[in-house]
Every structure is written in structure tokens, then in C-alpha cells.
Amino acid sequence: MDLWHVRGGKRLTGVCPIQGSKNASLPILAASVVSPARIELENVPRLSDVDAALRILRHLGCRAEQQGNAVYIDSSTCSCSDIPHALMEEMRSSVIFMGALIARCGEARLSLPGGCQLGKRPIDLHLSALRQLGAEIGEDGGEIVCRGGKLRGTRIALPFPSVGATENVMLAACAAEGETVLCGAAREPEIVALQDFLRAMGARIRGAGSDRIVIEGMEPTGRACARIPPDRIVAATIACAAAATGGDVELRGAEAQQFSTVLHFLNRAGCDIMCRKRSLRLIAPGILRGVGEIVTAPYPGFPTDAQPVLMAALLKARGETRITETIFENRFRQVPELRRLGADITVSGRVAEIRGVRRLRGATLTAGDLRGGAAMLVAGLTAEGETLVRDRGHIMRGYEALDLRLRALGADIDREY
Ligand code: UD1
């Protein structure tokens, strides 16, 4: 159990380097088994989810190690296509190995994935899309068993732009005969990063970033290098922490256009935001304003992952904010905990209403998921006295050295583990 101690009231100032993206790293790590290759990745954050992906790669017979923020993989030795439950349950993104293993081995056997408890999180869209490519998928004692069948390129229309389903199709389609056209694809920057990496592996693929991705197959290059792009949700979190504390922070390495919807609301809350190439500076007023209506949506809409941290930043804002969560049905798990600090939030179904309060007082909170945990730390930074966040490793799944980075900005925070 990690215990985070935050003593609120410090204004965050200074420069914060933004880590590489978790959600770009994980599918790229899975993609490394699509064909035999030696792979070098730069700017991979040191996270427990990355460790879990590396353990899966080693279980599959690959050589995989992280040195600092570099990851080296040799997937030529991949010799197995099943992932045991103990490894699958460590993280939700392990489901992306399904498409990669079908492409490489023609089969895969894995249990249902773990990850944040944000609601049902089914994988029906993944399975249906892979079946349309020709994969034969069945269930055996709680495990999903995929026999490759003959993969043939086809036209697949996703009824919802699921990030994971889009990634699984991109990976499996690399091994299909003929052209696959994926319509209704997710458009997240992480999908573009995956396309760039697959191209380096020899894939003929285009269209990522739009809702139509075309995959024509792959001529393996045997090696690939990639640099993981900055993490837009971590950047949003630090920006929210700076805004909440009336701070003045430069986010170095951040790509403002990748979380412009979050910056839009921080600006509406009263922050000045100056964007430069691969960096931005946020200067916050002493008291923020409520921002009215926020609705989460698939990219380029407001990211569901940034919703809890923006909520936390606005707890002491003058006026009201109303957040409608459209992506996950259970994404307000932070709310009862934030109320312990004195926050005035009501939740009705998928809508949360936040009325700013003058003071928050430190309390003991329990993190139930990754972004909710980060939100509790952001709120703790603005509460009087000490806030304790009890966390079963959720926060370290997505934030590299968050205690050190916040301390470098002047926060009074430490982590006991
Ligand atoms: C990814 C991100 C996660 C983010 C989410 C939405 C990674 C590693 N994780 O998760 O941080 O919060 O996108 O931006 O990149 N759904 C179905 N059936 C499916 C698949 C999804 O109903 O087969 C539903 C989910 O239950 C959810 C919604 O679609 O309500 C979005 O899910 P999806 O886009 O697939 O999210 P993930 O890829 O799991």
C-alpha cells in the first residue's frame, strides 16, 4: 500500500518535464511481437503498467528490458501465444496483445484483462472486429481462445471509436491478406504513435488520426526504433495542479494541441496559457472560476482521463461546473473521497455538479483508480493541513515519479511505500 502525504497550501512554480505517454507505450510494446524484430524505444516512462507489459513480453519468449527510459526488445525469440491470468489481470491494456499474437502466431489464449474499475469495460468490439478479419474466437473456461483462421483484409465499421479495438485491428490486420479498411476508428494521438511504430516495423498503414485507417499488410524490416510521445494526460494533470494552487508552471515537452480541450477550460477558469513549440506555460489566478458545462467525448473531445483532475482543480473555484461523463459509467469514484475534504459535489447518473467552496480541509482518502487517485493529490495540494491518500499502486501505474516532480515545483508531498 502506498501512502501519499500532501500538506496543502503551496503554490506550484517552475519547470516540469512531461514523461512519455503510458497509453502510447503499451500498444507499442504489444506491437513489438507482430513480427520478429529488434526494437529500441526511447522516452518510455518507468511505470508499473510498463513493467507488466515487459513481463508479458518475456513470458512470450521475447527479450525485453528497460534501462532508464529506454526499452530494448528482441521479439525474434517469441515462442508462445498464451498469457496467464496472473499477467493479464495486472492491466487492462494486455488485451492489445490479442491482435499482436494473432498476427504473429495465428493464435492467442488469454483471460479477460484487468485494469481500472471504471465500469463494465467489455471487449465485444475487439472480438467482433477480429472475427470480421477471419479470426476464430471462442471461450474456454473463462479464457478467450483465438485461432487465427485465415486472416483476410476486409471493411470493418466500429459502432463506437474504441481505442483498444482500433489498436487490436491495426495489429492483427498487419498479417491479413489484402487490404483492411477500418471505419469509425478512434482518433487519439496514441493511435498515430502506433501507426508510426508499425510503419517502422514495415507495415503499410495510413489514415491514423482520422476515423478511417487503411492497413495493407507488412513487409517486416527486422528492426524498429521509436520515441514515445509526451503524455497528454500527465500534462493535463500537472496543468490542473498548477491551476488549483494559483501556480506558474512551464510544462516542458508537452504538445498543447493534444490536450487543447483541457487547456480551453483552464483558460475559461482564469488561467493564462502561453503555448510554444513542445512547451507551454500556465499562470493561474489566486482564485479560479467555475467553467460551466464539460462533456467528456472521444478524441478530439474532452478526455475522460482528464475529468477527475480538472474536477479536483475546480473544487474551490468561484461558481459552478457541471461535468457529464459519456465514456465510462463509473468514473466519479473520486467524488465521495473529495467530499471528505469538504468539496460540494452532487452526482446524478452521469452528471456531476461542482459548487466551489472557500476551504478544503485535509483528510484520509482512498484511491480507487489511477486518475481518481491523481485527482485526490491535486485536491490535497489545495486543502488546509495534511491529506493522506491510501493507494494500492494505482497512481504509479500511470505517473512516473509524481512525488518528485510535484516536489520540484514546490509541493509539500511525499510517498511512503
Ligand atoms: C483507452 C485508454 C484509457 C481511456 C480510454 C478512453 C489506454 C491504455 N487506455 O482505454 O486511458 O480512458 O481509452 O479514452 O489507451 N467499449 C465497449 N466494448 C469494447 C470496447 C470498449 O463497449 O469492446 C466501451 C468501454 O466500455 C468504454 C468505451 O467503449 O465505455 C471506451 O473504451 P475504449 O475506447 O475501448 O477504452 P480503452 O481502450 O479500454
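Where is Ala 254 found? In this predicted model, Ala 254 sits in the loop between β15 (248-252) and α9 (260-268). Ala 254 is buried, because its relative accessible area is 2%, below the 20% cut-off. The C-alpha atoms of Ala 254 and Arg 276 are separated by 9.3 Å, with these positions 22 residues apart along the chain.

From this loop we may turn to the ligand and its surroundings. The shell around the ligand contains 18 residues, of which Asp 124, Leu 125, Ser 162, Asp 305 and Ile 327 come nearest. By residue class, the shell divides into seven nonpolar, six polar and five charged residues. Both domain 1 (2-18 + 230-416) and domain 2 (22-227) give residues to this shell, so the ligand lies between the two domains.

Several polar atoms of the protein approach oxygen atoms of the ligand. In the side chain of Ser 162, an N or O atom is 2.6 Å from an oxygen atom of the ligand. Asp 305 likewise places a polar side-chain atom 2.6 Å from a ligand oxygen. For Ile 327 the polar atom belongs to the backbone, and the distance to an oxygen atom of the ligand is 2.5 Å. Taken alone, the ligand exposes 740 Å², and the protein buries 85% of that area. Two elements, α5 (124-132) and α6 (163-173), give two or more residues to the shell. The greatest contribution comes from α5, with three residues.

Helix α6 deserves a paragraph of its own. Of its 11 residues, 10 are buried, so α6 is largely enclosed by the rest of the structure. The buried residues include Gly 164, Thr 166, Glu 167, Asn 168 and Met 170. Ser 162, one of the residues that come nearest to the ligand, also has a place in the description of this helix: at the start of α6, a side-chain oxygen of Ser 162 reaches to within 3.5 Å of the backbone nitrogen of Gly 164.

Charged pairs form the next part of the picture. Side chains of opposite charge can pair when their charged atoms come close. A search of the whole structure finds 29 salt bridges. One of them joins Arg 227 and Glu 42, whose closest N and O atoms are 3.1 Å apart. This pair links distant parts of the chain, since Arg 227 belongs to strand β14 (residues 223-227) and Glu 42 to strand β3 (residues 38-42), 185 residues apart. Arg 227 counts as exposed, with a relative accessibility of 53%, whereas Glu 42 is partly exposed at 44%.

Two further salt bridges connect loops. Glu 177 pairs with Lys 150, and the closest N and O atoms are 3.1 Å apart. Glu 177 lies in the loop between α6 and β11 (180-183), while Lys 150 lies in the loop between β9 (143-147) and β10 (155-157), so that the pair links parts of the chain 27 residues apart. Glu 177 is partly exposed, with a relative accessible area of 47%.

The other loop pair consists of Glu 384 and Arg 359, with 2.6 Å between the closest N and O atoms. Here Glu 384 is in the loop between α12 (370-380) and β23 (386-391), and Arg 359 is in the loop between β21 (351-355) and β22 (364-367), 25 residues apart. Both partners are partly exposed: Glu 384 has a relative accessible area of 37%, and Arg 359 one of 43%. Elsewhere, salt bridges that share partners join Glu 293, Arg 322, Asp 344, Glu 353 and Arg 355 into one network.

Finally, some features of the backbone may catch the eye. A cis peptide bond, with omega about 10 degrees, joins Tyr 299 and Pro 300. Pro 300 is found in the loop between β18 (292-295) and α10 (307-313). Asn 43, a residue other than glycine, has a positive phi near 65 degrees. Asn 43 lies in the loop between β3 and α2 (48-59) and is buried, with a relative accessible area of 18%. Ala 401, which is not a glycine either, has a positive phi of about 45 degrees. The loop between β23 and α13 (402-408) holds Ala 401, and at 25% relative accessibility Ala 401 counts as partly exposed.

How values were computed: Residues are numbered from 1 along each chain as its sequence is written. This is a predicted model: local features need pLDDT of at least 70, side-chain atom pairs count only at pLDDT 80 or more; totals for chains, interfaces and linings use all residues. Side-chain values use heavy atoms; hydrogens and water are left out. A residue is near a molecule or strand if one of its heavy atoms lies within 4 Å of it. A polar contact is a pair of N or O atoms within 3.5 Å; within protein, one must be able to donate a hydrogen and the other to accept it, and residues adjacent in sequence count only if both atoms are side-chain atoms. Accessible areas come from the Shrake-Rupley method with a 1.4 Å probe; for residues, only the protein chains shown count as cover. Helices (H or I, at least four residues) and strands (E, at least two) are DSSP runs, numbered from the N terminus. Ala, Val, Leu, Ile, Met, Phe, Trp, Tyr, Cys and Pro count as nonpolar, Asp, Glu, Lys and Arg as charged, and the others, Gly among them, as polar. Domain bounds come from an automatic or database domain assignment. A salt bridge is a side-chain nitrogen of Lys or Arg within 4 Å of a carboxyl oxygen of Asp or Glu. Buried means under 20% relative accessible area, exposed over 50%, partly exposed in between (1.4 Å probe, protein chains only).
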